[in-house]
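Here are a few short exercises to work through with the model open beside you. Try each task before you read its solution.

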Amino acid sequence: MIPSELKIDKTPDGALLTLAGDWRLGSAIPSPDGVIAGLGAAEKGQRLAFETGNLEGWDSGLLVFLAKLFDICRRNGISVDESGLPAGVRKLIDLASPEKQRSGVTHGGEHPSFLVWVADTALAQVKGAKEVLAFIGEATLAFVKMLRGKADFRRMDLIVTIQETGAQALPIVTLISLLVGMILAFIASIQLKMFGAQIYVADVVGIGIVRVMGAIMTGIIMSGRTGAAFAAQLGTMQVNEEIDALETLGFSPVEFLVLPRMLALMLMMPLLCVYSDLMGVLGGMIVGVGMLDLGFMEYVHQSRSALNLTHFLVGLFHSFVFGILVAVAGCLRGLQCERSASAVGYAATSAVVTGIVCIVVATAIITLSCQVLGI
Amino acid sequence: MNMPAEESRSGKDAVIEVRGLEMSYGSFVLMRDLNFTINRGDIFIIMGGSGCGKSTLLKMLVGLKQPARGEILYDGVSYWEAEHEVQERLKRRFGILFQSGALWSSMTLAENVALPLEQYTTLPPGQIRDLVSFKLSLVGLGGFEDFYPSEISGGMKKRAGLARAMSLDPDLLFFDEPSAGLDPISARLLDDLIIELSESLGTTVVVVTHELASIFAIGTNSVFLDPDVKTMTGAGDPKRLLKESPDPKVINFLTRGEGAQQS
């Protein structure tokens, strides 16, 4: 391979550039700025011609060199005579010329000022809040319509979603709840052992799990599992224009898609919470009986005396609220999804984050309210 | 596009040879006994009705799907019998434009075009940037470097996909339904671009299409796949096939059914 060679000869009306050797990517192609610098003051404002008889080979390397050189010549008022270049090169350079580009490009490169950025962000937040409120309003109206028996959705969708969000979630709820019950018992036993009060592990685990932890753990599991799935499903439907198709046929996406998902979670979350309570207490019992030398009946009796219906109902209320929150977060993020593959991933992540934040905030509000009301 | 300085297209030497190819899905045979040669500098059209296996054949030609039987030779090297390293080297000679453009949605157009260059060349970042701008300008998208695929139209996505397919200066370009979903003017511009690339760079182009206007405008060689007899029933220059093919189905296809009405 002969290396790229460049020679500048002065001519009566400007300069002649002789290109020889190999002008392919990877070979040492000179800089176009060097060519202009090599032209004397006399050649500037005149004509640049080419001689390529000894050009060995070329590819994008030569094309990029020439495109940049022509751009510099244009800016310096140097006219270019392309007739000495191979026809293929001339055609491709012409295709890439500024005149052949799509006009009216107004994107990229420019960074808005800080004030514009603050205003844009604030407006986006307001818009986002309005969208959330509108969505909650629509979902409430759809729910009321459903109670009056007038909502448009397929009963089969509800049954399938109930199966997906209920029975199929049992294995993961079992594992997490059992482990959380065991962890709670371990932590409680470290302190209680010091006073010889290991038996109260049953109280700590029982009240902790049944009143709030069972519901929170189920809520977080469902947010990661089901909330993300809802967002991904609706996001993909948004990308594929399936939601547009529903709207054009007169269906409300909130009634048709969101309502069955919301109903399914409202029904299944309390049931999963009861199951999670049982598993959590069982986890505490495994630690209590197996490691703290408590009797089985002793543990059961202590748990029964510690728990009452109020604890149980408060836990159920938590889970009912979490069900609505997880479904709303998942469906809202799915419907807000933009039309690209990466947006679907973002929608799913956002659904999980929104779901968990809502669960924590709701727990704080409910706990505080219970405290004030003396429940 | 390692093109010598001479202007003319390279001689008619075989780049791709397909021998006794059989395509099947499980026990269902889609096509059998496919035998054809694609010469250097050809714009080769794979044509046939919907569902006849055109896109499957293209996937086999670019190494995405293994044939049930037969072989595909690139400059005499059998792709499916070659070592993994040889296959990887061969793949770097291919540029593929998928039907929807298949741009990576999380990257800008510039990043889409730059990725193969960053992966397979040792060019400095500045040169890669210049190359990316040039390739995008070549397809009429100069200035769109910072746009994301979701911000541009379907036709622009296809052109950006073409800029990415050309990023490594491949000597074989494959197009899957390039005109699908484009307005007539955009389709014509894309056809012109294919011809320019083939003539200027000597790139061998393989196009899967059933758009008659494109077939006659750009095709220099072709193969017609007939799903009823499960094999190819016509091969050669589409314009010549229209005049000389003895198969009424080929004539029917190339005349949008008007040939059958006349007979």
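**Exercise 1. What percentage of the 263 residues in chain B is buried?**

Before starting, note that this is a predicted model, in which local features need pLDDT of at least 70 and side-chain atom pairs count only at pLDDT 80 or more, while totals for chains, interfaces and linings use all residues. Residues are numbered from 1 along each chain as its sequence is written, chains are lettered from A and ligands numbered from 1 in the order in which they are written, and side-chain values use heavy atoms, with hydrogens and water left out.

Step 1. Take buried as under 20% relative accessible area, with exposed over 50% and partly exposed in between (1.4 Å probe, protein chains only).
Step 2. By that cut-off, 53% of the residues of chain B are buried.
Step 3. For chain A, with its 375 residues, the figure is 43%.

**Exercise 2. Work out the strand order of the open four-stranded sheet in chain B.**

Step 1. Strands (E, at least two residues) and helices (H or I, at least four) are DSSP runs, numbered from the N terminus; two strands pair if DSSP finds at least two bridges between them.
Step 2. The order is E3-E2-E5-E6 in chain B, with antiparallel pairing.
Step 3. Strands E3 (28–39) and E6 (77–78) of chain B are the edges; each has a single partner strand, so one side of each lacks a neighbour in the sheet.
Step 4. Eight bridges join E2 (residues 14–25) of chain B to E3(B) in the antiparallel sense, and Ala14(B) lies opposite Asn39(B) of E3(B).
Step 5. Helix H1 (residues 54–61) of chain B packs on this sheet, touching E2, E3 and E5 (69–74) of chain B. Contact here means heavy atoms within 4.5 Å.

**Exercise 3. Find the largest pocket and describe its lining.**

Step 1. On a 1 Å grid over the protein atoms alone, a pocket is an open set of points where a 1.4 Å probe fits, with protein on both sides within 12 Å along at least five of seven lines; lining residues have an atom within 4 Å of a point.
Step 2. The volume is about 560 Å³, counted as the space filled by probe spheres set on the points.
Step 3. Of the 19 lining residues, Lys91(B), Phe94(B), Ile96(B), Pro116(B) and Tyr120(B) are the closest to the centre.
Step 4. Helix H2 (84–91), strand E7 (94–97), helix H3 (109–120) and helix H5 (154–165) of chain B each supply at least two lining residues. H3(B) gives the largest share, four residues.

Methods
Axes are lines fitted to C-alpha atoms, for helices over the stretch in contact, and angles run from 0 to 180 degrees between N-to-C directions.
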